[in-house]
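Here are my notes on the model, for reading beside the coordinates. Please check each point against the structure as you go.

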Amino acid sequence: MKLLEDRIRKDGRVLPGNILKVDCFLNHQVDPGLITAIGQAFADHFRDRGVTRVLTLEVSGIVTALSTAQALGVPMVFAKKTTSVTLTGDAYISRIFSFTKQKAYDIRVDRRFLNADDRVLIIDDFLAVGQALSGMLDLCAQAGASVAGIGIAIEKAFQGGGDRFRALGYDVYALAKIDHFSDDGVVFAKV
C-alpha cells in the first residue's frame, strides 16, 4: 500500500534492535484518514471470505481492526492483556511474548465473543516473528473458529513470521512489507 509505505518513509523512525517506531501516525497518535484507508484495503482483500468477526490484540491493533470491522460491517473483538473484574473466568487464554516490551503476557477473550460459528479475520499493526499472531490463532483454535485470513499493516519480512504462517496455509496480507533496514531508512520488499 503506497500510502502506508510513503508515511513510513516520511515519519517512521528506525530504532536499535530492528524496531520501527510509527507512533506519530499508527499506534500512539493516529491518523484517521490513513487508518480508514488501511481498514478499507483489508476489507477489500478479505471481503469474499465470509468474515463474521475481526480479532486483534490490545492495544496497538485496535484502531486498525476497528476500521477494518467497520468497512466489513462485522463486530471487532480484542484480546485483553490484563485481567479485570469485568472479565469473568470464562475466557479463552493464550500466552505470548512481546518483542518490543520484552515481557510475557496472557491474552484472553471472553468466550461469548469468539465461537465455532465464527470466520475470523485477524488484524494487527506489526508482524515480526509472530508471537502475538500465534496467540491469536490459538484463541481461535480454542473457540473452534476458522481463520478467514490475517491482515498486517507492517510486516518485518526479514524476521520470518509472515513466511512461517504462509507456509502453514494462512493468507497473510501485509500492506507494507519491509525487506530490511539500511543506513538510509526502510527498504520495502518488492512485490
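**Notes on the fold**

1. Start with helix α4 (residues 131–143). It lies across β3 (53–57), β4, β7 and β8. Helix α4 runs at about 165 degrees to β7. Axes here are lines fitted to C-alpha atoms, for helices over the stretch in contact, and angles run from 0 to 180 degrees between N-to-C directions. Helices (H or I, at least four residues) and strands (E, at least two) are DSSP runs, numbered from the N terminus.

2. A word on the source. This is a predicted model, in which local features need pLDDT of at least 70 and side-chain atom pairs count only at pLDDT 80 or more, while totals for chains, interfaces and linings use all residues. Residues are numbered from 1 along each chain as its sequence is written, and side-chain values use heavy atoms, with hydrogens and water left out.

3. Now the sheet. It is open, has 6 strands and follows the order β4-β3-β7-β8-β9-β10, with mixed pairing. Two strands pair if DSSP finds at least two bridges between them. β4 (76–79) and β10 (185–188) stand at the edges with a single partner strand each, so one side of each has no neighbour in the sheet. Neighbouring strands of this sheet are turned by 30 degrees against each other on average, direction ignored.

4. Within that order, strand β7 (residues 119–127) and strand β8 (residues 146–156) pair in the parallel sense, over 8 bridges. L121 has G149 of β8 as its bridge partner.

5. Look next at the β5–β6 hairpin. Strand β5 (residues 91–98) and strand β6 (residues 103–110) run antiparallel and are joined by 8 bridges. F97 is partnered by A104 in β6. The hairpin has 4 residues between the strands, and Q102 takes a positive phi near 55 degrees.

6. How do α1 and α2 cross? The axes of helix α1 (residues 2–11) and helix α2 (residues 32–46) come within 10 Å and cross at roughly 140 degrees. That makes α1 oblique to α2 (angles under 35 degrees count as roughly parallel, over 145 as roughly antiparallel, 65 to 115 as roughly perpendicular and the rest as oblique). The crossing is left-handed. A crossing is left-handed if the near helix is turned anticlockwise from the far one by less than a right angle, and right-handed if clockwise. L3, L4 and R7 of α1 make the contact with L34, A37 and I38 of α2; contact means heavy atoms within 4.5 Å.

7. α2 also meets helix α3 (residues 62–72). Their axes come within 8 Å and cross at roughly 55 degrees. That makes α2 oblique to α3. This crossing is right-handed. From α2, the contact takes in I35, T36, I38, G39, Q40, F42 and A43; from α3, V63, T64, S67, T68, A71 and L72.

8. R7 has a second role to check: a salt bridge with D11, the closest N and O atoms being 2.6 Å apart. Both residues lie in helix α1, 4 residues apart, about one turn of the helix. A salt bridge is a side-chain nitrogen of Lys or Arg within 4 Å of a carboxyl oxygen of Asp or Glu. The whole structure holds 14 salt bridges.

9. Two backbone spots deserve a look. Most residues other than glycine have a negative phi, and most peptide bonds are trans. The peptide bond from E58 to V59 is cis, with omega near 15 degrees. V59 sits in the loop between β3 and α3. N18 is not a glycine, yet has a positive phi of about 60 degrees. N18 is in the loop between β1 (13–15) and β2 (19–21).
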